[in-house]
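Trainee: Got a minute to go through this model with me? I'd like to start with how the helices meet.

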Amino acid sequence: MVEEVEKSCDDQRTKDAAINATKHKGICNSDGEEEDQRPTTKESAGENVSDHTLTAKDNTLKRHPLEHSWTFWFDNPSAKSKQVAWGNSIRPIYTFSTVEEFWSLYNNLHRPSRLTAGADLHCFKNGIEPKWEDPVCAPGGKWTMTFPKSKSDTCWLYTLLAMIGEQFDYGDEICGAVVNVRSRQEKIALWTKTAANEAAQMSIGRQWKEFLDYNDVIGFIFHEDAKKLDRGAKNKYST
C-alpha cells in the first residue's frame, strides 16, 4: 500500500479535495493571505506542483483506494480562546479514502512549520474524533515525539504515510495522529486504542521510530492518566 502512496506523488493532483480544503482559514495554502479562498498548489517537498484545470481525462485516472478512510481535523488557535468547553474549536476539514485524494489535500494544506503557534492538525480514521471522550480513544493512549520549532514537517508526512499505508503490524490499534504547533517546539503524537495492550503499544512505538529514523527516547501516556493528572501524567511505556 505504501508503494502506491509514494508512487502517486508523481501523478497529477486532482483539485476537488483542494477546493474544499481551502475554505478553512488559517490552515490552507493560498496565493495571497490566508483569507483568500482560491484553490492553489504550492511548491513543497522539493518539487514543483503546477496548478492545472481538471479535465475529463483526469477524471478517468485510476484511483488507489486506502484500507480505511481518514479525516483531517483542525483546531484553530484563535477559536480556542473563545470556546466554552475543551474541544469545541476542533473542526473536520475533509475525509479522504484514496491515495489521490490524500495527495490532493496534503499539497493544499500548510505544513506544520507554517501553522500559527497554538494550532493542532489531526488526521484520524473516519468515525473517530480526536478527543479523549471518543469511545474508541478513551481506553487508549499516545506516543509522542518532540521537535525543534519548524522541524517536524518531514516527520509529519512520514507519519501520515505510515498510517494510511498500513505499515504498522498493529495497524488496527491506531486511531490517528496529531501535530501540535507551539511557540518553542512542535510535537507529533500517535494515538492508539488499547493502552493496556503493552505488546501492541511497544511494537507501534518501535516501528514509528524506525519509519522516521528518530533516535530519542519516546514515551507512552494513558489517556485516562492524562485526564486525571494533566501534565503530571507519567509515561507507562518508553522506547
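Mentor: Start with one contact: F102, W103 and Y106 in α5 meet L157, L160, L161 and I164 in α6. Contact means heavy atoms within 4.5 Å. Helices (H or I, at least four residues) and strands (E, at least two) are DSSP runs, numbered from the N terminus.

Trainee: How many nonpolar, polar and charged residues are in the contact of α5 with α6?

Mentor: Seven are nonpolar, with no polar and no charged residues. Ala, Val, Leu, Ile, Met, Phe, Trp, Tyr, Cys and Pro count as nonpolar, Asp, Glu, Lys and Arg as charged, and the others, Gly among them, as polar.

Trainee: Before I go on, what are the ground rules?

Mentor: This is a predicted model, where local features need pLDDT of at least 70 and side-chain atom pairs count only at pLDDT 80 or more, while totals for chains, interfaces and linings use all residues. Residues are numbered from 1 along each chain as its sequence is written, and side-chain values use heavy atoms, with hydrogens and water left out.

Trainee: Ok, the sheet. In what order do the eight strands come?

Mentor: The order is β2-β1-β3-β5-β6-β4-β7-β8, in an open sheet with antiparallel pairing. Two strands pair if DSSP finds at least two bridges between them. β2 and β8 (237-238) are the edge strands, each pairing on one side only.

Trainee: And how many bridges join β1 to β2?

Mentor: Seven, between β1 (residues 65-75) and β2 (residues 90-98). W73 stands opposite P92 in β2. β1 also pairs with β3 (residues 120-125), over six bridges, and there T71 has F124 as its bridge partner.

Trainee: What about β4 and β6? How many bridges there?

Mentor: Eight, again antiparallel. K142 has W191 in β6 as its bridge partner. On the sheet packs α6, touching β1, β2, β3, β4, β5 (174-181) and β6.

Trainee: Switching topic: which residue between β4 and α6 should I look at?

Mentor: S150, in the loop between β4 (141-148) and α6. S150 has a positive phi of about 65° although it is not a glycine. Most residues other than glycine have a negative phi.

Trainee: Is S150 buried, partly exposed or exposed?

Mentor: Partly exposed, at a relative accessible area of 34%. Buried means under 20%, exposed over 50%, partly exposed in between (1.4 Å probe, protein chains only).

Trainee: And what is the phi of D213?

Mentor: Also positive, about 55°. D213 is in the loop between α7 (198-212) and β7 (219-222), and is exposed, with a relative accessible area of 62%.

How values were computed
Axes fitted to C-alpha atoms, helices over the stretch in contact; angles between N-to-C directions.
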